Amino acid sequence: MALQLGDTAPDFTQDSTQGPLHFYEWAGNSWVVLFSHPKDFTPVCTTELGIVARMKPDFDKRGIKAIGLSVDPVASHQTWAKDIEETQGAALNFPLVADHDRKVADLYGMIHPNASDTLTVRSVFVIDPQKKVRLTLTYPASAGRNFDEILRAIDSLMLTDKHKVATPGNWKPGEDVIIVPSVSNDDARKLFPGGFKELKPYLRTTKQPA
Ligand code: BEZ
């Protein structure tokens, strides 16, 4: 069965551009964005990996580690990495798993046979420091992903883990948030001393907690 939200992310050991990679050991206590791409030396994948390399400061400041994967061998990843640096203005600064025997792709359900029997789709798994799967995305080969959106969603996860709030559609960090329905108005007055707006009993907004 496909991995679902709240499941424990499977551990693995596999070759990577940074040598043999023991996933849990490498992840440590960080949040992780594990993402697969269909194939080395393909145009959309080249842009995606360049974007993630350029966004490293944004990942680092949140304590998030990125790790890419395809079913190509490590020698292929290493040759392709030179093209990524040349064309994308950034060298790979995170590991690329070389899943030549599809061990990880099978564990995580990254091959969707009705899309392609042999290539991984564009899967994303956001994994928290407790190794729980907190968010998944699946994109087809033809559509490059929006990594700003992935970080925005992780900002929401980190905020809502700490406070009794949820984030509205199209929320961006710094904007007002929603008080979760399980909090009574009496408790909301204590938890959010700056006050809140009650548009409906189930729709109450407040400033984003610090
Ligand atoms: C790409 O990354 O450009 C790509 C990969 C596989 C199929 C189609 C496009």
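The following questions and replies go through the terms applied to this predicted model.

Me: What are the ground rules for numbering and for confidence in this model?
Reply: Residues are numbered from 1 along each chain as its sequence is written, and side-chain values use heavy atoms, with hydrogens and water left out. The model is predicted, so local features need pLDDT of at least 70 and side-chain atom pairs count only at pLDDT 80 or more, while totals for chains, interfaces and linings use all residues.

Me: How many helices and strands does the protein have, and what makes a run count as one?
Reply: The protein has 7 helices and 11 strands. Both are DSSP runs numbered from the N terminus: a helix is H or I over at least four residues, a strand is E over at least two.

Me: Why is Q88 called buried?
Reply: Buried means under 20% relative accessible area, exposed means over 50%, and partly exposed is in between (1.4 Å probe, protein chains only). Q88 has 16%, so Q88 is buried. Q88 is found in helix α4, residues 74–88.

Me: Which residues does Q88 touch, and what makes a contact?
Reply: A contact means heavy atoms within 4.5 Å. Leaving aside residues up to four places away in sequence, Q88 touches T46, T47, G50, R54 and D83.

Me: Why is N170 called exposed?
Reply: The relative accessible area of N170 is 69%, therefore N170 counts as exposed. N170 is in the loop between β8 (165–166) and β9 (177–179). Its phi is near 65°, a positive value in a residue other than glycine. Not counting residues up to four places away in sequence, N170 touches R152 and E175. From N170 to A153 is 9.9 Å, C-alpha to C-alpha, at a separation of 17 residues in sequence.

Me: Why does D58 get the label partly exposed?
Reply: D58 has 28% relative accessibility, so D58 is partly exposed. D58 lies in helix α3, residues 56–62. Between D58 and C45 there are 20 Å, C-alpha to C-alpha, and they are 13 residues apart in sequence.

Me: What makes F41 partly exposed?
Reply: F41 has a relative accessible area of 42%, so the label is partly exposed. F41 lies in the loop between β3 (31–36) and α2. Phi of F41 is near 60°, positive in a residue other than glycine.

Me: Which residues surround the ligand, and how do you know that they belong to its shell?
Reply: A residue is near a molecule if one of its heavy atoms lies within 4 Å of it. The residues around the ligand are P38, T42, P43, V44, C45, R122 and A141. Helix α2 (residues 43–54) gives the largest share of this shell, 3 residues.

Me: What polar contacts does the ligand make with V44, C45 and R122?
Reply: A polar contact is a pair of N or O atoms within 3.5 Å. A ligand oxygen is 2.6 Å from a polar backbone atom of V44, and a ligand oxygen is 2.9 Å from a polar backbone atom of C45. For R122, an N or O atom of the side chain is 3.0 Å from a ligand oxygen. The protein covers 73% of the 260 Å² of accessible area that the ligand has on its own, an area from the Shrake-Rupley method with a 1.4 Å probe.

Me: What share of the residues in the protein is buried?
Reply: Buried residues make up 44% of the 210 residues.

Note on methods. Polar contact = N/O pair within 3.5 Å; in protein donor to acceptor, adjacent residues only side chain to side chain.
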